[in-house]
Protein chains: 2
Amino acid sequence: MTAATRVCVVGSGAIGSLFAAHLGRLPDVDVWAYDVSPAHVDRINADGLRITGAAEFRAEVHATTDPSRIPPCDLGIVAVKSAYTRAAIAATAPVFEDAAVASVQNGLGNEERIAEAVPRVIRGTTLAAGAITAPGVVRYDATGGTWFGPFEPKPARMGEVTLLADLLERGGMTAAGLPDARGAQWTKLLFNVGTNALGAVTGLPIGPIGTDPAVRGLASRLIEEGRRVAHALGITPDADPEAMIDDAVARAFGHRASMLQDVTAHRVTEVDVLNGGIVAAAREAGLHAPLNEAMVALVHGIEASWSLEHDGSHA
Amino acid sequence: MTAATRVCVVGSGAIGSLFAAHLGRLPDVDVWAYDVSPAHVDRINADGLRITGAAEFRAEVHATTDPSRIPPCDLGIVAVKSAYTRAAIAATAPVFEDAAVASVQNGLGNEERIAEAVPRVIRGTTLAAGAITAPGVVRYDATGGTWFGPFEPKPARMGEVTLLADLLERGGMTAAGLPDARGAQWTKLLFNVGTNALGAVTGLPIGPIGTDPAVRGLASRLIEEGRRVAHALGITPDADPEAMIDDAVARAFGHRASMLQDVTAHRVTEVDVLNGGIVAAAREAGLHAPLNEAMVALVHGIEASWSLEHDGSHA
C-alpha cells in the first residue's frame, strides 16, 4: 500500500469545501482545509464536513485557521476569492514546498499569483457551485465539471494534473486533466465577463440579463471583445458562452450573479480578474477592450461609493 | 401701451418655477403655469410663487392643473422631465395655436416632440438649477445662463427668440437669443453625458466622478464619443464640457447628479435623451457610440430591476 496523498484546500468557502469534502471521502487521501473562519473550522473538526443538496454525505477533513499546523502536501487547491489569493498563498506557501497547486478560482491572474510562491502550478476552472448554509455545512447547487491543466509558465507535471482530476472523479465530482486548460478557463471567463458585472451594476438576475434585448446586447458585446482577445492569444474557448447564458436563463432565471451578491453585501468584487482580466489580456495582445474597461471603472466606482456619505450636504 | 405678453410654463417643477417666477415679476407679462400638483398650484394661486436662495422674491403667477383654463399664449416654456414631454405638450397644445414654444429641458429630442404639436419651436438650454422645497416655494441654487435659438426644422421667428430672452433678462435671469443654439445645447449635453449616468450607475457624487482616474477616464471617453458626433453633424460646442466637470468638482464636490437622484427614488430617468440622445445622433451621422449605448442599457437595466423581487428564490 502506498502512502496517502495529502491535499490542502486553501479557503474553504463554498467551492473549497466542495472540493475538500469530495476528496475527504477517499481513504487514500489526507485532506487539510485552511480557512479564516473559526466557527467553520471547529465544526468541520468536530463533526466532519457535511454536503447537502446535489449530494448528501459527510467527510473527514482536517481544518485549521493556522497554516503552520498543516503538514507538507502533495497537492493544493486554492479557492479563495481572487482579492485574497496573494495573502492566502503567502500564508500557506511552506505547505507547498514540493507540491503542485491548482486554482479553481474565477478569472485571470490567480495562477500567476500562486506561481510567485509555489514550485508547480495547475490552471483550473470549475463550474461546480454551492453555498455555505451553516458552519461545517455546504449546499451543493451545481454539479458542473472541473478542468485542470499545467500552468504554462511554471507547470505542474502532467501526472500531478491527472492525479488531482482522478481523485476528484473517484470522490464523486466531474473532473478532467487536459494538456491545455485555457479553452475551458476562457469559456467560463467569457460567460462571467458577459453576465457578472452586468448583474452587479444593474441589480438584475440572469433571466432579464439574458432576455432583455439591450442588456443581452451589451453582454454579447462584452463577450465579443473577450473572444477577440482570446483569438489573438491563440486560445480557443471549448464551449459557447452565449449558449451558457441561454442555459443559465432556462435553468436559473432568478439567479443573482456572485458579483451582484458581493455588491449587495458591500464586499470587494472580482471585477479585476473578470472584465479586468480581459482588459489586461487585451493589452498583452496589443488590443483594446473599451466596454470591459468601462465595466471595471463602473464596478470600482460602486465600490468607492460605499465609503461616502450620501446626504448631499457637501453640495 | 401694448397688450401684455402671455407666457405659459408647462411643468412648474424647480426649473419651470424659476422661469415662471422671474417672468411673473414683469408688469407687462401675464404668466400661466401648468402643473399636475394640486398642492403646488393652490399655494401659487393663494400666495404667489416664492423664490429663495440665490434670489429672494415673490411673483404673481396663474397656476392650474387644467390646461383648458389657460388662455391662448404668445410664448411657451416646456420644463417637464423628458419622459413627460409628449403628454404635457399634447395636453397644452390648444394654448399654443399661434405661439413659439421653447424647451429648457435636458438632452436631445424634446424640441422634436414639441414640434409635433405647436407651430413654432425654440431650442433652449439652461444651466439654472434649483429645488422645490415646499408647495409654492423654489430654492434657486445655480444662476447659470439660458440660451435660446430657433429650432431648425420648425423655427420660431428670431423676434420671438429674442423677446423670450429679453423678458427673462429683465426678470433677473441671464438669457440670450442666438441664431444657432445647438452649440450651447451640446455643451450641456456633453457635460451631462459624461457625468449623469455615471453618477446613477455608481452612486458617486460629482467629486469622485471628476477625480477618480478610472471613472473620470470613462467620463472623458463618453464625452469624446459625443464630440465626434457633434463634429460630424457640424455642431461646435461653445464651451468645454471637461472644464465644466472640473468647475463642478470645485464648486459642488458632493453634488449627486439628477439621474442618481432619480435612480435612488426609483423614478424613470432621462438617459434616453442624454446618452441615448448621443446614440440616436450618432446613428443619424452614420457613426457608433458604443460606450453611450452601454450606459443606456445599464440604466434601463437598473430601471427594470425595480420591478423584480430580489430574494433569489427563483434560482
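**Figure 1. Arginine over a phenylalanine ring in chain A and in chain B.** In this predicted model, A:R25 is placed over the face of A:F57, and its distance from the ring centre is 3.6 Å. In chain B, B:R25 lies over the face of B:F57, with a distance of 3.6 Å from the ring centre. Both placements satisfy the criterion that CZ of Arg be within 6 Å of the ring centre and within 35 degrees of the ring normal. Aromatic pairs were also sought over all chains, and the search of the whole structure finds zero.

**Figure 2. Packing of helices α8 and α11 in chain B.** Helix α8 of chain B spans residues 213–232, and helix α11 of chain B spans residues 275–284. The two helices pack at an angle of about 35°, and their axes are 9 Å apart. The crossing of α8(B) and α11(B) is left-handed. On the α8(B) side, the contact is made by B:L222, B:G226 and B:V229. The α11(B) side contributes B:N275, B:I278, B:A281 and B:A282. Sorted by class, the residues in the contact of α8(B) with α11(B) comprise five nonpolar and two polar residues, with no charged residues.

**Figure 3. Backbone at H266 in chain A and in chain B.** Most residues other than glycine have a negative phi. A:H266, a residue other than glycine, has a positive phi, with a value near 60°. This residue, A:H266, belongs to the loop between α10 (258–264) and α11 (275–284) of chain A. In chain B, the phi of B:H266 is likewise positive, at about 55°, although B:H266 is not a glycine. B:H266 is located in the loop between α10 (258–264) and α11 of chain B.

**Figure 4. Relation between chain A and chain B.** Two copies of a chain are related by a rotation about an axis and a shift along it. Here, a turn of 180° and a shift of 0.0 Å along the axis lay chain B on chain A with an RMSD of 0.0 Å. The two copies are therefore related as by a two-fold rotation axis. Of the interface residues of chain B, 100% are also interface residues in chain A, so the copies meet through the same surface.

Notes
Residues are numbered from 1 along each chain as its sequence is written. Chains are lettered from A and ligands numbered from 1 in the order in which they are written. This is a predicted model: local features need pLDDT of at least 70, side-chain atom pairs count only at pLDDT 80 or more; totals for chains, interfaces and linings use all residues. Side-chain values use heavy atoms; hydrogens and water are left out. Rings of Phe, Tyr and Trp (its six-membered ring) pair if their centres lie within 6.5 Å; planes under 30 degrees apart count as stacked, over 60 as edge-to-face and the rest as tilted. Axes are lines fitted to C-alpha atoms, for helices over the stretch in contact, and angles run from 0 to 180 degrees between N-to-C directions. Helices (H or I, at least four residues) and strands (E, at least two) are DSSP runs, numbered from the N terminus. A crossing is left-handed if the near helix is turned anticlockwise from the far one by less than a right angle, and right-handed if clockwise. Contact means heavy atoms within 4.5 Å. Ala, Val, Leu, Ile, Met, Phe, Trp, Tyr, Cys and Pro count as nonpolar, Asp, Glu, Lys and Arg as charged, and the others, Gly among them, as polar. Copies are superposed by least squares on the C-alpha atoms of residues with pLDDT of at least 70 in both.
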